[in-house]
Amino acid sequence: MQTAEVIIIGGGPAGSSCAWRLRQQGVDTLLLDAQAFPRLKLCAGWITPAVVHDLQLDISSYPRRFNSFNHLVVHLFGFTFNLNSLQHSIRRFEFDEWLLQRSGVPVLQHNVREIVKENNYYVLDGQYRARYLIGAGGTKCPVYRSFFRELNPRARELQTVTLEHEYAYEYTDPRCHLWFFKNKLPGYAWYVPKAQGYLNIGLGGMALTLKQRADDIWRHWDWFIKELQRKRLIGDFDAQPKGYSYYLRQAIDTVRIDNAFIIGDAVGLATVDMAEGIGPAVRSGLRAAAAITQGHAYSIKTLETYTITKPWAHWWLDKILAR
Ligand SMILES: Cc1cc2nc3c(=O)[nH]c(=O)nc-3n(C[C@H](O)[C@H](O)[C@H](O)COP(=O)(O)OP(=O)(O)OC[C@H]3O[C@@H](n4cnc5c(N)ncnc54)[C@H](O)[C@@H]3O)c2cc1C
């Protein structure tokens, strides 16, 4: 049986950030992911300056596609305006692999199915064991499933449904566009140019609200493609988008049980206002590492700082759900 002090399940931004910090502190860490990297991860790939800061990313030497916007073009209730805000875009296909490599920990491809606790060890599929276990497996994380699900059941009203497509495209408008609530979408649509001729288009909304209205995310997708073509933002388009679902942040109480932690989408940490998940994933990974190496607390309270203020976020969500 292969033994490590810490095993991390999942090599997305949550898992790789945690691995990176543990490795810096000299902790014997192993990371398992079901997929071989680089792997497809559905995501618009928009990251904030806070993510760049938390990851100590030197933009000038980052060796993959990296794009920056000084403002966002917002389409809301028939109005279009520029929102001044520095934001960035990356391709997740590249970014996640780079972060994982940078972490410097050994990575094995393994789909974790069964986790049991034996004495002071977590034993994974009878093949791996560790004293600390980090669940960074996203929405379907096996650590969440094994130890946290009953304490923290997912809140259905905070489940998102998304469709997106990323492809090589020589766009002519290099700005990032966002459409909010168009045609009663309980969410927003995006057009996010990446560096060197890649484009990500997609939309997402609250799954339960759509269901209650007998609405369909595909109806919104059809409108969106026509709108992008009408604005000449894209040309002929016959690709099928892919869909994925994840959870926005709810009042979760338990993110650590003994030496088992959950981080990132495994908790359901994406912000309620913009469904931003990469920043919370990174920060929770770093916090979990600090809990192991420095005995820091790891709780929802310590994760509080990166969310937009709660009253604003909940006002926003109420507006989305009420429309
Ligand atoms: C369409 C879409 C657009 C989005 N756009 C943005 C955006 O622009 N900006 C933003 O901040 N957020 C965005 N998000 C949210 C963001 O993608 C997630 O919040 C973020 O990826 C969470 O990171 P993570 O590391 O927790 O999980 P993930 O990135 O999902 O990584 C989980 C990893 O765990 C592995 N895994 C799962 N189960 C197992 C298992 N049993 N055994 C081993 N490995 C396993 C998976 O293979 C995967 O590599 C978007 C999400 C979607 C769906």
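Here are some questions and answers about a predicted model, centred on its ligand shell and two of the elements that line it.

Student: How many residues surround the ligand, and which are the closest?
Tutor: Happy to start there! The closest are Gly 10, Gly 12, Gly 138, Gly 264 and Gly 277. Helix H1, strands E2, E10 and E13, and helix H7 each give two or more residues to the shell. In total, the residues around the ligand number 40.

Student: By class, how many residues of the shell around the ligand are charged?
Tutor: Let's go through the classes. Nonpolar residues contribute 19 and polar residues 15. The charged residues in the shell number 6.

Student: Does the span of helix H7 come out as expected, or what is the distance between its end C-alpha atoms?
Tutor: H7 covers residues 278-294, which makes 17 residues. At 1.5 Å a residue, H7 should span 24 Å. The end C-alpha atoms agree with that, lying apart by 24 Å.

Student: Why is H7 described as largely enclosed by the rest of the structure?
Tutor: Good one; it comes down to burial. A residue counts as buried if 20 or more other C-beta atoms lie within 10 Å of its own. H7 is largely enclosed because its buried residues are 13 of the 17.

Student: Which residue stands opposite Glu 166 in E13?
Tutor: E10 and E13 run antiparallel, joined by 9 bridges. E13 itself is mostly covered, with 9 of its 9 residues buried. Opposite Glu 166 in E13 stands Asn 200.

Student: What is the bridge partner of Gly 187 in E13?
Tutor: Strand E12, residues 187-194, also runs antiparallel to E13, with 8 bridges between them. In their hairpin, 3 residues lie between the strands, and Gln 196 takes a positive phi near 55 degrees. The partner of Gly 187 is Gly 205.

Definitions and conventions. Residues numbered from 1 in each chain as written. Predicted model: local features only at pLDDT ≥ 70, side-chain atom pairs only at ≥ 80, totals over all residues. Helix = DSSP H or I, 4+ residues; strand = E, 2+ residues; numbered from the N terminus. Expected span 1.5 Å × (residues − 1). Buried ≥ 20, exposed ≤ 12 C-beta atoms within 10 Å, placed from the backbone. Near = placed C-beta within 6 Å. Nonpolar A, V, L, I, M, F, W, Y, C, P; charged D, E, K, R; others polar. Pairing = 2+ DSSP bridges.
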